[in-house]
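Here is a short report on one helix and on a few backbone angles. The structure comes first.

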Amino acid sequence: MPDDTVALTERSFKRLRKIVGRENCTRRPEDLVCYAYDATGRKVLPDAVVFPATTEEIACILTLANEDRFFVTPRGTGSGMTGGSIPVQGGIVLTLNRLNRVLEIDRDNLVARVQPGVITGDFHRRVEAEGLFYPPDPSSSAFSTLGGNVAECAGGPRAVKYGVTRDYVLGLEAVLPTGGIIRTGVMTAKGVVGYDLTRLLTGSEGTLGIITEITLRLLPLPEAVSTMVAFFDDLRIAAETVAHIIRAKVIPRTIEYIDNAAIRCVESIFAMELPVVADAMLILEVDGTEVANAAAMARLTDICRDKGASEVRVAKDKTETDNIWRARKAISPALYAYGPDKINEDIVVPRSRIPDMVTRIRELKNETGLFMASFGHAGDGNIHVNIMLDKSDPVQAEKADRAVDALFDHTVALGGTISGEHGIGITKSAFMRKEVGRAEMALMKNIKSVFDPRGILNPGKIFAPD
């Protein structure tokens with residue numbers, strides 16, 4: 001953090017209002033509170049909130065920030081899980097919700113151009129109405145934005161077959177921390193001219209630039225989707241089944257894992273007649289033609305039963321499928337019934353090591369006595385480990401900290417990564433050294449300084465203090 005950075009002055013505030021209009025720049029306390037938090041539950045009040053409507057306005061704001069030495073924290077809808085949009089060092093929150101248009105859907109070339117404030121779920125519906133498909137589907141898609149998804153490189157259940165957000169970002173328009181405007185990438189299927197700045201910005205958590213336009217790759221919409229659930233009396237067997245499915249050369253578009261604690265949580269809310277005695281369940285989904293899906297579902301049913309599934313249910317229609325996914329996406333918020341605070345980690349291990357991972361999670365649960373629920377995108381090795389606690393209780397807080405530290409150690413030892421979707425932000429920065437070497441960390445910091453020499457954009461994120 002530069003020594004000459006200062007708090008937002010009255011003069012700077014007035015200049016911001018001239019850039020975006022008086023009604024689009026506020027420092028009223030009730031407004032500051034609304035833009036001070038994200039899904040971590042942490043809160044830091046900004047000095048002001050600014051609502052630009054164009055790339056040029058954002059460029060002017062960042063130029064002013066460099067001149068007047070105040071911090072800028074970009075924000076979508078605040079659904080991030082690691083504190084990435086929290087203004088931890090004050091300054092302004094720059095919210096991108098007014099940049100919310102789908103600019104173009106090109107059916108001939110299977111691309112779309114969008115602004116960052118477009119809600120992900122709205123975009124899904126928009127392209128599907130055109131017979132097209134945008135696969136990335138984070139659990140927060142009903143309210144998260146495409147800009148936030150790109151900044152965090154969001155994933156979701158369909159990543160096992162289709163990949164994550166970065167696999168669909170062809171190009172970007174972005175405003176650099178110094179106020180310059182750049183365009184990266186291409187609108188074509190291929191392009192290898194120079195360094196891949198698109199990939200560098202994707203997943204950079206709003207620390208290298210503010211994304212103002214996104215060019216996305218689309219696919220044809222699959223003809224049909226089929227969904228099933230399988231229940232197991234042993235969570236390790238359920239986890240082993242994931243690798244067995246892939247080994248059998250069946251690639252569903254989704255393989256979700258849900259442990260007993262999460263099953264009970266879902267059943268208590270939705271009363272779906274789930275067997276709460278089951279130790280784990282898998283949600284399996286395939287897409288393609290009706291004929292191909294029927295064959296794949298029969299094969300998956302046989303695999304699950306051969307591995308010891310106690311019950312297999314195939315969704316009969318769209319209503320049953322929708323109910324399964326409504327319940328799956330409700331698990332995370334529903335867990336607050338078991339504690340006022342939640343630590344949600346999104347570790348990833350190789351698929352073959354998922355059984356070892358879920359076994360270790362159960363051991364940590366027994367060792368600490370804390371309520372833990374694990375679920376997630378097991379098809380690509382991504383498990384969300386949720387620890388419910390009361391952080392005001394120092395004993396519980398200390399146990400949770402030790403559990404997270406042990407969880408990350410085991411993850412790295414298994415050849416995994418401490419974050420598959422949520423990024424680093426502020427909640428995981430202290431743990432990066434477990435995975436990233438000294439030389440690699442120095443290179444990342446040097447890249448940050450090239451893009452942001454004054455350190456004004458989204459300060460305090462990713463890199464823990466030396």
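Ile-462 is buried, at a relative accessible area of 11%. The model is a predicted one. Ile-462 sits in the segment after helix H14 (438-451). Its phi is positive, near 70°, and the residue is not a glycine. Most residues other than glycine have a negative phi.

Glu-273 also takes a positive phi, about 60°, without being a glycine. This residue lies in the loop between helix H9 (260-270) and S14. Is Glu-273 buried or exposed? Glu-273 is exposed, because its relative accessible area of 65% is over the 50% cut-off. Ile-462, at 11%, falls under the 20% limit for buried residues.

| Residue | Phi | Place |
|---|---|---|
| Lys-249 | about 65° | just after H8 |
| Glu-273 | about 60° | loop between H9 and S14 |
| Ile-462 | near 70° | segment after H14 |

Now to helix H8, which covers residues 235-247. The helix has 13 residues and spans 19 Å from first to last C-alpha. That is close to the expected 18 Å. Asp-234 caps its N-terminal end. A side-chain oxygen of Asp-234 lies 2.8 Å from the backbone nitrogen of Arg-236. Just after the helix, Lys-249 has its positive phi.

Buried residues of H8 include Leu-235, Ala-238, Ala-239, Val-242 and Ile-246. Thr-241 is buried as well. What do the buried residues of H8 pack against? Their partners are strands S12 (224-232), S13 (254-259) and S14 (280-288), plus helices H10 (290-306) and H12 (354-368).

Terms used
Residues are numbered from 1 along each chain as its sequence is written. This is a predicted model: local features need pLDDT of at least 70, side-chain atom pairs count only at pLDDT 80 or more; totals for chains, interfaces and linings use all residues. Side-chain values use heavy atoms; hydrogens and water are left out. Helices (H or I, at least four residues) and strands (E, at least two) are DSSP runs, numbered from the N terminus. The expected span of a helix is 1.5 Å times one less than its number of residues. Buried means under 20% relative accessible area, exposed over 50%, partly exposed in between (1.4 Å probe, protein chains only). Contact means heavy atoms within 4.5 Å. A polar contact is a pair of N or O atoms within 3.5 Å; within protein, one must be able to donate a hydrogen and the other to accept it, and residues adjacent in sequence count only if both atoms are side-chain atoms.
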